[in-house]
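Please read the following report beside the sequence and the structure. The account moves from helices to charged pairs, and then to the interior.

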Amino acid sequence: MHLKSFQTTMYACFVGYIVQAIVNNFAPLLFVTFNREFGIPLSSITLLITFNFLLQLLVDLAAVYFVDRIGYRASAVLAHVFATAGLALLTVLPGVTPDPFVGLFISVAIYAVGGGLLEVIISPIVEACPTDNKEAAMSLLHSFYCWGYMGVVFLSTVFFAVFGISNWRIAALVWALVPLINGIIFTQVPIQTLAEESGVEDIPLGRLLRRRIFWLLFVMMMCAGACEQAVSQWASAYAESALGIQKWVGDLAGPMAFAALMGTARLIYGKKGEGLDLQKFMVGSAVLCLSSYLVVSLSPWPALGLVGMALCGFSVGIMWPGTFSLATMSVKGGGMAMFSLLALAGDIGCSGGPTLAGMVSAAAGDNLRLGILAAIVFPLALLACLVFLRSKRHEGLVKRSAVDGEVAPDGA
């Protein structure tokens, strides 16, 4: 591996999304353990999910103003530093703070900053690499989040089965090595900006915010994040408590199957994207997501509930990278501001989806089935956005601007 090649930059970005998967999905495997070991109720654990993504979205918003100033490389390295520190402190702070929840909260806050920066910076770095097929590269990039998610679930489950769940702190330290090493690699690889690669000057933020197509994409990205995380963040706890399945079986058949099919959907789009109607694919995915939510929340049989969870993973796979691809094609010169704001939208959804599910569950006596059923509003909203977008195109109310190549409604 040659550190000075853009191919190595791509590999480092792929690992960056694995780091994102570690940050978002390792702690959820321990929610029931935190409840038992520290006596933290599910209602409080819900706050950990909420705060993780809320802080990530604040970083997304701030990145609009500081990433271009400090540079892509510095942002990528800082993201890995925060991710490493947060995972490492997760093993220490709950045991030294007067309230274990405070220790968990601080640790989550630190790695959430890293997660937010990763969400903002990795996609533009890949988009700016001199590659031929941008859409395939973007889809492949996002599939690595899924493979990272699978790796976190599978390897953590094997570790817990062999060494015991009581040794979860050692597992956290092992996972912390991934961002540590990848952060060092990011100090060496070549990185260029979007403007350098495309030769198109970034449009001003105010002009971007006046585009109606941008706000439609913003809402779609919120729904995409919510559809994905409302199930994935609670998948382990759902399999263990709602379905009454042994933890290691539930983790492999639930969260891991979810991640495998989510990655498969993204690979299909990456390989066959040129021959597919992206909007039709996303409409079908939204309908499948809606159906899978109903199966997960209403199925009387544990096996069928796990099947619904896996199908949900496939259904949400295209939503996030598909929306990014629509944005890249539709808004030329959106630059770092567009990527940051869409990441912000995604993290709003990532926070809102599991938070709604957790709050409804807590209000219903920790009934996760009802919580997931309530989150069905998100695939419904995404489906409505997609149908609206298709109808406007069909009616001819969407036109291509001859000035900047943007696909936008008339008058945008």
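In helix 16, the residues Met319, Trp320, Pro321, Gly322, Thr323, Phe324, Ser325, Leu326, Ala327 and Ser330 are buried, where buried means under 20% relative accessible area, exposed means over 50%, and partly exposed lies in between (1.4 Å probe, protein chains only). Because 10 of the 12 residues of helix 16 are buried, this helix is largely enclosed by the rest of the structure. Helices (H or I, at least four residues) are DSSP runs, numbered from the N terminus.

This is a predicted model, in which local features need pLDDT of at least 70 and side-chain atom pairs count only at pLDDT 80 or more, whereas totals for chains, interfaces and linings use all residues. Residues are numbered from 1 along each chain as its sequence is written, and side-chain values use heavy atoms, with hydrogens and water left out.

The expected span of a helix is 1.5 Å times one less than its number of residues, and two helices can be set against that rule in the table.

| Helix | Residues | Expected span | Distance between end C-alpha atoms |
|---|---|---|---|
| Helix 16 | 319–330 | 16 Å | 16 Å |
| Helix 11 | 212–232 | 30 Å | 31 Å |

For helix 16 the two values agree, and agreement is likewise found for helix 11. Helix 11 is also mostly covered, with 17 of its 21 residues buried.

Helix 11 leads on to the charged pairs. The structure holds 2 salt bridges, a salt bridge being a side-chain nitrogen of Lys or Arg within 4 Å of a carboxyl oxygen of Asp or Glu. Glu228 forms a salt bridge with Arg266, and the closest N and O atoms are 3.5 Å apart. Since Glu228 lies in helix 11 and Arg266 in helix 13 (residues 247–272), the pair ties together parts that are 38 residues apart in sequence. Glu228 counts as buried because its relative accessibility is 5%, and Arg266 counts as buried at 2%.

Glu37 and Arg169 also meet through their side chains in a salt bridge, at 2.8 Å from N to O. Here Glu37 belongs to helix 2 (residues 31–38) and Arg169 to helix 8 (residues 168–186), so the pair ties together parts that are 132 residues apart in sequence. Glu37 is partly exposed, with a relative accessible area of 37%, and Arg169 counts as partly exposed at 26% relative accessibility.

Turning to the interior, the largest nonpolar core has 135 residues, and those with the most contacts inside it are Phe26, Met220 and Tyr293. Such a core is a set of buried Ala, Val, Leu, Ile, Met, Phe, Trp, Tyr and Cys residues joined through side-chain atoms within 4.5 Å. Helix 6 (residues 100–128) gives the most to this core, with 15 residues. Residues up to four places away in sequence aside, Tyr293 touches Ala226, Cys227, Ala230, Val231, Cys312, Ile372, Ala375 and Ile376, contact meaning heavy atoms within 4.5 Å.

Ser285 is placed in helix 14 (residues 278–298) and counts as buried at 5% relative accessibility. A polar atom of the Ser285 side chain lies 2.9 Å from the backbone oxygen of Phe281. Leaving aside neighbours within four places in sequence, Ser285 is in contact with Ser315, Ile318 and Met319.

A search of the whole structure finds 0 disulfides, a disulfide being a pair of cysteine sulfur atoms within 2.5 Å. Cys289 is accordingly in no disulfide, and the nearest cysteine sulfur, that of Cys227, is 4.2 Å away. Cys289 counts as buried at 0% relative accessibility, and Cys350 counts as buried at 4%.

Terms used
Helices (H or I, at least four residues) and strands (E, at least two) are DSSP runs, numbered from the N terminus. A polar contact is a pair of N or O atoms within 3.5 Å; within protein, one must be able to donate a hydrogen and the other to accept it, and residues adjacent in sequence count only if both atoms are side-chain atoms.
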